[in-house]
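Me: I'm new to this structure and would love a close look at one part of it. Could you walk me through how a pair of helices packs together?

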Amino acid sequence: MENLIPDLDILDRNKELTEEVKTTGDYNSGKKRKLYIESYGCQMNFSDSEIVASILHNEGFDTTSDIAQADLVFLNTCSIREKAEQTVRYRLNHINGFKKKKPELMVGVLGCMAERLKTKLLEEEKIVDLVAGPDAYRDLPQLIAQVDEGAKAVNTFLSREETYADISPVRLNSNGVTAFISIMRGCDNMCSFCVVPFTRGRERSRDPHSILAEAKDLFDRGFREVTLLGQNVDSYKWSEEENNKARLEKKGVDQVVNFANLLEMVAQVNPDLRVRFSTSHPKDITDEVLHTMAKYENICKNIHLPVQSGSSRILELMNRGYTREWYLERAKSIRTILGDDCGITSDMIAGFCTETEEEHKETLAVMDEVQYDYSFMFFYSERPGTLAAKKFTDDIPVDVKKRRLEEIIAKQSETSLARYTKDIGKKYKVLIEGTSRRSDDFLQGRTSSNKVVIFAKENKKKGEYVNVLVESCTQGTLLGKIVD
Ligand code: SAH
Ligand code: SF4
Ligand code: F3S
């Protein structure tokens, strides 16, 4: 049975962070046709939309942030929870209104929902003309041409090689300071609750040379922070041998680049370029990665290390590949090697199949022990085709799931406030990202540990580093003033 219950909306911050929708910025170079893209889900999707915009820009499309101006509307979709798919269906319904006024409007569904539902999407949502999965974006010009000729077009082929390494993304909605770089695609982990291995395919790592070139180019264009993206960055692995037999024959190189090596290479691009990464996997994160982080000041001290559950039995059912004890040992290593200031953040799922009250309490206890700066918190939503959907019954009643989630959220609010309060009176180096949303007289940036800081502008601009003395805080923001 599918879980059709919407997520709770009790903690706005959690909601805001996890259900963010981004639309295309304007990119106008006088081209004839206009593309409007909305992106749902994770940063990988936002990053993919930039690749799509780049591919289509070369084919005669500009992007617009005004749907009424668009000739082509793409929704880059997410399937992670039932709610995410429902949101897209509501949105398609709304777009139908535009299509009625402008029948030639082309509507495409990209991303994970396209991959999961394939041609079924065309049957279920009559308004859709084009369906393209995450590895099919190079084919978009041909797919659009098919629709131009009056046909419906679908490509949901998943590749073992595609990394879009050679495509330089058009930065949409950019603040000009921070950018995302995809370093790998897909996932081989098969966590039993998760749809990603089915929608994104096998894991593959991108050529480090192209990653470095992208980081250097961003730095030269004024960017000061890059976030390296992958579903499990710790399993990044690239070798000449695996990835380019031809080059191996020529040069006889057999160097394997792991994630710690890649992190070091990107950190060396420039000491003024901050490096972040996400997501780390508790079963794979190594001390080598932690020591590399400690060695470079510009590698930000924040680790997103989703625990999902604090119970070893539930973790086993989730097929996460670690126990509660293993996880706590990894968190301890982070504190030993990187100190208390290092931010640890997490994802939690409440009410997974067969979870008892005691096991739920174990999750709360892990939260107490690790002291997360913040977390993304969900209740379990069964996804068709996943291992859990096949093997287990989604047997925790919705009201119980909701109550457990509320308890997890309350615990996190308490911990966040404690963690932020600890920073009062301390001085942090902050990269300025722009003016504060609250007032033009204030600037906003982040600490190395990824906490947002707001402070009076003085004569500083975005892209600069400043030292800020923290004077007060809320549960999600530090407030301070610039000091020397
Ligand atoms: N690769 C990342 C997570 C990607 S999905 C990792 O391994 O941690 C982001 C988060 O969504 C997950 O960490 C999990 O907490 C949540 N999630 C995934 N599938 C879910 C489901 N079926 N129901 C509820 N939450 C889910
Ligand atoms: Fe999903 Fe697990 Fe892969 Fe993360 S590591 S994307 S949760 S299968
Ligand atoms: Fe969603 Fe796909 Fe990302 S399912 S979370 S958009 S990988």
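Reply: Happy to! Contact here means heavy atoms within 4.5 Å. Please keep in mind that this is a predicted model.

The pair to look at is helix H15, covering residues 357–370, and helix H17, covering residues 398–421. Two packed helices are described by the angle between their axes and the distance between the axes. For H15 and H17 the angle is about 15°, and their axes lie 10 Å apart. Angles under 35 degrees count as roughly parallel, so H15 is roughly parallel to H17. The crossing of H15 and H17 is right-handed.

Now for the residues that meet. On the H15 side you will find Glu357, His360, Thr363, Leu364, Met367 and Asp368. On the H17 side, their counterparts are Arg403, Arg404, Glu407, Ile408, Lys411 and Gln412. Sorted by character, the residues of this contact between H15 and H17 comprise six charged, three polar and three nonpolar. Among the charged ones are Glu357 and Asp368 in H15, with Arg403 and Lys411 in H17. Leu364 and Met367 in H15 count as nonpolar, as does Ile408 in H17.

To find the pair in the viewer, start from residues 357–370 for H15, then go to residues 398–421 for H17. With both helices in view, pick out Leu364 and Met367 in H15, and Ile408 in H17, as residues of the contact.

Notes. Residues are numbered from 1 along each chain as its sequence is written. Chains are lettered from A and ligands numbered from 1 in the order in which they are written. This is a predicted model: local features need pLDDT of at least 70, side-chain atom pairs count only at pLDDT 80 or more; totals for chains, interfaces and linings use all residues. Side-chain values use heavy atoms; hydrogens and water are left out. Axes are lines fitted to C-alpha atoms, for helices over the stretch in contact, and angles run from 0 to 180 degrees between N-to-C directions. Helices (H or I, at least four residues) and strands (E, at least two) are DSSP runs, numbered from the N terminus. Angles under 35 degrees count as roughly parallel, over 145 as roughly antiparallel, 65 to 115 as roughly perpendicular and the rest as oblique. A crossing is left-handed if the near helix is turned anticlockwise from the far one by less than a right angle, and right-handed if clockwise.
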